[in-house]
Amino acid sequence: MNLSTEIADYKFETCLMNAAGVHCQFREELDGLLNSKAGSFVTKTATSQERKGNPEPRFVSHLDASINSMGLPNQGIDYYLDYLELLERKNVFLSVSGLSKEEIFEVLLKVEKSNFKGLTELNLSCPNVVGKPQTAYDFELMREILDRVYSFFTKPLGVKLPPYFDLVHFDKVAMILNDYPLAFVNTINSIGNGLWIKDETVVLKPKQGFGGIGGSAIKATALANVHAFYQRLNSSIAIIGTGGIVTGQDAFEHILCGASMVQIGTALAYEGPEIFEWVGQELSQIMAEKGYDTIHSFRGQLKYIEE
Ligand code: SIN
């Protein structure tokens, strides 16, 4: 079965990869993804300098659900650029962000001036930095940032979005994104600011327990966001579907909704990189049963119930 896919001019042997934040902070973890059946990887979101992130406990998970308030722990942009510049493969993703507009521009300028030849994902949706709202919920700010970024950044770029919950917001965000030559949009990040309780106590230390929710519980929201943007974005902007992928059936549904590539987060954290092998096998089996040879033959072909 052919699970290959493309984003902009980049080709991938399979459409499965990790979600930023999972198994991708350190070189050894990235090597582990390179040596797995994943079609690519994305690095942990990098800021201008190394960050320790929020105090622990800051991540709790099961196979199909998680809550996190990591607070962008990462090794700093230089660490990831050093690693990526030495790779022979170019079909990989570098995730970047900043705690201010100026920091975002500073990090992206470094990427622009570097020898990195892969795809850059600008994370506009981290819900866990104390005192910093999610950028992509402020539509004016999102436009201001993209305007400025495209005044100097010439490499293939995409954005990581938070979930939206209203059709008007899908319209507004798509209208903004369609004004830029984005290579891709990645939807969704975790559903921000949920609470898990155990023994009458929150399970996370930062933010009095508030954290981003991932895993199966968010699949319905993820599928809706993938399909809403598939319906609204220029066809030149590929969609990466993230959220609630544990099985081949979940990956199949993301692609049916319009995803060109799918990312696994919570289930990867629980199972490790072997997950790509079995999700790939399950996806291939579903495609074979339904008579689809390639993911292109059913991508976006979600059926509606007509009168
Ligand atoms: C974190 O580091 O807090 C998670 C990153 C994200 O949700 O973008």
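**Entry 1: salt bridges**

I began with the salt bridges, and in this predicted model I found that the structure holds eight of them.

I looked up Arg58 and noted that its side chain meets that of Glu56 in a salt bridge, with 3.8 Å from N to O. I then asked myself about each partner: is Arg58 buried or exposed? Arg58 has a relative accessibility of 13%, and since anything under 20% is called buried, Arg58 counts as buried. Glu56, on the other hand, has a relative accessible area of 59% and is exposed.

Next I turned to Arg148, which forms a salt bridge with Glu102, and here the closest N and O atoms are 3.5 Å apart. I wanted to know where the two residues sit, and I found Arg148 in helix α4, which covers residues 139-149, and Glu102 in helix α3, which covers residues 101-113. The two residues belong to parts that are 46 residues apart in sequence, so the pair ties those parts together. For the surroundings of this pair I wrote down 39% relative accessibility for Arg148, which counts as partly exposed, and 47% for Glu102, which also counts as partly exposed.

A further pair that I checked was Arg232 with Asp171, whose closest N and O atoms are 2.7 Å apart. This pair links distant parts of the chain, for Arg232 lies in helix α6 (residues 219-232) and Asp171 in helix α5 (residues 167-177), with the two positions 61 residues apart in sequence. Arg232 is partly exposed, with a relative accessible area of 23%, and Asp171 counts as partly exposed at 38% relative accessibility.

I also asked which residues are linked in a network of salt bridges. I found Lys219, Asp250 and Glu253 joined in this way.

**Entry 2: the nonpolar interior**

I moved on to the nonpolar cores, and noted that the largest one has 75 residues, with Met142 and Leu161 having the most contacts inside it. Apart from this core lies another, of 12 residues, and among them are Met17, Leu119, Ile240 and Met261.

I then followed Met142 and asked what it is in contact with, leaving aside its neighbours within four places in sequence. The residues I listed for Met142 are Leu124, Ala136, Leu161, Tyr164, Val173 and Ile176.

**Entry 3: a patch on the surface**

I looked for nonpolar side chains on the outside as well, and found a surface patch of about 340 Å² that is made by Leu195, Ile197, Val202 and Phe210. From this patch I picked Ile197, which lies in strand β11, a strand covering residues 197-198. Ile197 has a relative accessible area of 61%, and because exposed means over 50%, I recorded Ile197 as exposed.

**Entry 4: the chain as a whole**

Last, I stepped back to the protein chain, in which I counted nine helices and 15 strands. I asked why the chain can be compared with a compact globule. With 307 residues, such a globule would have a radius of gyration near 19 Å, and the protein chain has 18 Å, which agrees. The C-alpha atoms fill a box of roughly 50 × 50 × 45 Å, taken along the principal axes.

Buried residues make up 57% of the 307 residues. The accessible surface comes to about 13500 Å², and 50% of this belongs to carbon and sulfur atoms. I also noted that, among contacts between residues at least 6 apart in sequence, 74% join residues at least 24 apart.

How values were computed:
Residues are numbered from 1 along each chain as its sequence is written. This is a predicted model: local features need pLDDT of at least 70, side-chain atom pairs count only at pLDDT 80 or more; totals for chains, interfaces and linings use all residues. Side-chain values use heavy atoms; hydrogens and water are left out. Patches are made of residues with over 30% relative accessible area and no salt bridge: like charges are joined within 9 Å, nonpolar side chains (Val, Leu, Ile, Met, Phe, Trp, Tyr) within 5 Å. Accessible areas come from the Shrake-Rupley method with a 1.4 Å probe; for residues, only the protein chains shown count as cover. A salt bridge is a side-chain nitrogen of Lys or Arg within 4 Å of a carboxyl oxygen of Asp or Glu. Helices (H or I, at least four residues) and strands (E, at least two) are DSSP runs, numbered from the N terminus. Buried means under 20% relative accessible area, exposed over 50%, partly exposed in between (1.4 Å probe, protein chains only). The radius of gyration is taken over C-alpha atoms; the globule rule is 2.2 Å times the number of residues to the power 0.38. Contact means heavy atoms within 4.5 Å. A nonpolar core is a set of buried Ala, Val, Leu, Ile, Met, Phe, Trp, Tyr and Cys residues joined through side-chain atoms within 4.5 Å.
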